[in-house]
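Got the model open in your viewer? Switch to cartoon view, keep the selection box handy, and let's walk through two sheets together.

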Amino acid sequence: MYQKKNIALFISHVYGDYQKNLCQGVIRRAEEFGYRTEIYATNDGEDLGDYSKGEEIIMDIPNFSDLDGIIFAPGTYSSQALCDKLRRRLKNQKHCQVVEITEHPSDFPAICMENNLTAGALTEHLITVHQAKRICFLGIGPDNYFSNMRKQAYENAMAHRMLPVGPRDVYELTDVRNESEYLDALNFFTENGTNKPDAIVCYNDDVALSFWYIAGENGYEIPKDFALTGCDLSDAGQNSDPPLTTVTFPSYQVGVAAVDMLMKYAKGCSDQTATIFAEPVFGGSCGCNYQHTHMGFKYNRALNQRISTLENSMFTSIKMSAALSHVSDLDSGMDILEEYAKLIEGCEEFYLCLYSDWDNISSRVLALADASLPEDEEAFSNSEDDTMLLALGLRQGARLPECSFSKTSLLPEFLQKDSSLSYLVCPLFFENRVFGYAAMGFRGNKLNFQFKLVQWMTNITQLLQSLCEAKHTQALAKHLEDIYLKDVLTGLSNHHDFMLKSQALIASCAPTDELIAIKIDLDLLKTINEQFGHNEGDFAIRAIGQAILQAADENTVSARFSGDEFYILMKAASQKDGEKFISRIEEYLNHFNQLSSKPYLIHISAGFHCLSCNHLPDAGAIDSAFDYATEMMYEQKNHKTKNVLR
């Protein structure tokens, strides 16, 4: 059997720069040790439905006994509830070591990226190099952990240099997207233009650049009027003029360190914590000299390309949604999805895997739709089992045949054996209904999952949900049809349905055919009701209904109008076919009586009458045929020994 060496990474919002770099660090370092990475990604907060329910599927996809190590990045999750449930699940699994990437105390060995204390280093730089005295801090909060840590580092540096932090030196934003708040912060720091600070340390680069823009709009020049720093080394900050003084964001190195810690545990080492430290990056916004790189045009070109890509992805997603909206079956949906999956840049392998019961009808609808089944007949539904369906498989543009595989494996074994790629796994769900997952492998193991693919995953889940709803609707429609056309007790036709189907059957007859009218009656129903109760009488009637259904074919119309009388009209070659039909019913009931534990026996009396189709009979002729069959049935019944007990 193929021996796999796999590391799992649990992470959310994988299209973010931090997440993508972290994933890439894990993938590359794992490759060096001969391991494949399985990235289990969620988009909590960015998808449809109730995230606390549907996205929990991510915990059930991997086979933990098949993993050699797990890396957990809780800081990437928007949903704390999902993060906490995942933490508990990882803690309870006993198969492999877990390493957590965190800033908080952890239940697992931890890798920490320390880029909070560097806010203090930037403050020290402003004081010692640029002789700043009044330095302000612009954060977010007040409950943001990282902002509070950076504010504390700033305050500690000020205290170390015996500089005061005044009442108008710290401002915390409540909405980082609201430009008016940055204007409020500017007026707060400058005391409405009467007292400029020497420098402002910002929570991150985005906050610093937004504040910079507002300051410029109000006549302030950076760093001439006051210095400005950020934190997290964004491309936008480095391509501003002057470049933003900031802090490195070594997420790639964090991924590498997490794999290294797992490898140490595999060798018996037991380090509990390792820290990757960020470093200051001094640009011109703090007042330092800087060298013009004249690379801004490349950044602007990249921005324009990004905008164009987003616009194109919106239109593509709209076209994809429209194309899938008319799909009525899974195969057609997969044919359409194949064409769109081929458009994913750098994706060499794409797999859509569904649980065997992905389109199950809900128990409530199933119970309603099957309300007419006999009490001893169990309603059929697809129960969850240990198999998955590979509904769509693409490798290097070629479509693979649909197949089933064990749920204990992420993908069919032959696919993983022949591939060296790591896989990004995204759950497919709609509210609390789970369908399965999509797995993607990218060329050269260079992760290229973009935000637009979240829209594509949403289109896929909407397709699957639509197919499930259509199946539900069909079940309910069938139930309504049964109410109108079926006998509730037996599932046979009622009088209205019998008349409709009889007309169609008569119209299909050839001149050489015969029509046989058969009348069947349960023997001693009154005795069964009196001695054992009406429920047992109903049971006996249902048993005869099942016997008729077993004996009937496409040339037979059968019905129960009321009571224990059954009407059958069949197209046949001769009257012997009528005799054989009655014999099949009696054989079924004899076998039933032998196996049944009921204290009574179920027997019938039957009669039949044949009509020639040389001239198609009218309604009157059919009624007369059933009258003759009824007379024959009662003649048989009157000559029987009347005993229902065993």
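Start by selecting Ile 200 and Leu 228: Ile 200 stands opposite Leu 228, which belongs to strand S9. This is a predicted model, so keep that in mind as you click around. Now widen the selection to residues 199–202, which make up strand S8. S8 runs parallel to S9, and 3 bridges join the two.

Next, bring in the rest of the sheet. It is an open one with 4 strands in the order S7-S6-S8-S9, and the pairing is parallel. Which strands sit at the edges? Colour 170–173 for S7 and 227–229 for S9: each of these pairs on one side only. Turn the view to see the twist, where neighbouring strands are rotated against each other by 20 degrees on average, direction ignored.

Now add the helices. Select residues 118–128 to get helix H4, which lies across S6 (135–140), S8 and S9. H4 runs at about 170 degrees to S8. Then pick 145–160, helix H5, lying across S6 and S7. Its angle to S6 is about 170 degrees.

**On to the second sheet**

Jump along the chain and select Arg 560 together with Phe 566. Arg 560 stands opposite Phe 566 in S21. Show S21 in full as residues 565–572; 6 bridges tie this strand to S20, and the two run antiparallel. They form a hairpin with 2 residues between the strands. Zoom in on the turn and click Gly 563, which has a positive phi of about 55 degrees.

What lies on the other pairing of S21? Select Leu 515, which stands opposite Lys 571 in S21. S19 and S21 are joined by 8 bridges and run antiparallel. How many of the residues in S21 are buried? It's 7 of 8, so to speak a mostly covered strand.

Zoom out for the whole arrangement: an open sheet of 4 strands, ordered S20-S21-S19-S22, with antiparallel pairing. The edge strands are S20 (556–562) and S22 (604–612), each pairing on one side only. Neighbouring strands here are turned by 15 degrees against each other on average, direction ignored.

Two helices finish the tour. Select 495–507 for H15, which lies across S19 (514–522), S20 and S21 and runs at about 155 degrees to S20. Last, select 619–638: this is H19, packing on the sheet and touching S19, S21 and S22. The direction of H19 makes about 145 degrees with that of S22.

Key:
Residues are numbered from 1 along each chain as its sequence is written. This is a predicted model: local features need pLDDT of at least 70, side-chain atom pairs count only at pLDDT 80 or more; totals for chains, interfaces and linings use all residues. Side-chain values use heavy atoms; hydrogens and water are left out. Two strands pair if DSSP finds at least two bridges between them. Axes are lines fitted to C-alpha atoms, for helices over the stretch in contact, and angles run from 0 to 180 degrees between N-to-C directions. Contact means heavy atoms within 4.5 Å. Buried means under 20% relative accessible area, exposed over 50%, partly exposed in between (1.4 Å probe, protein chains only).
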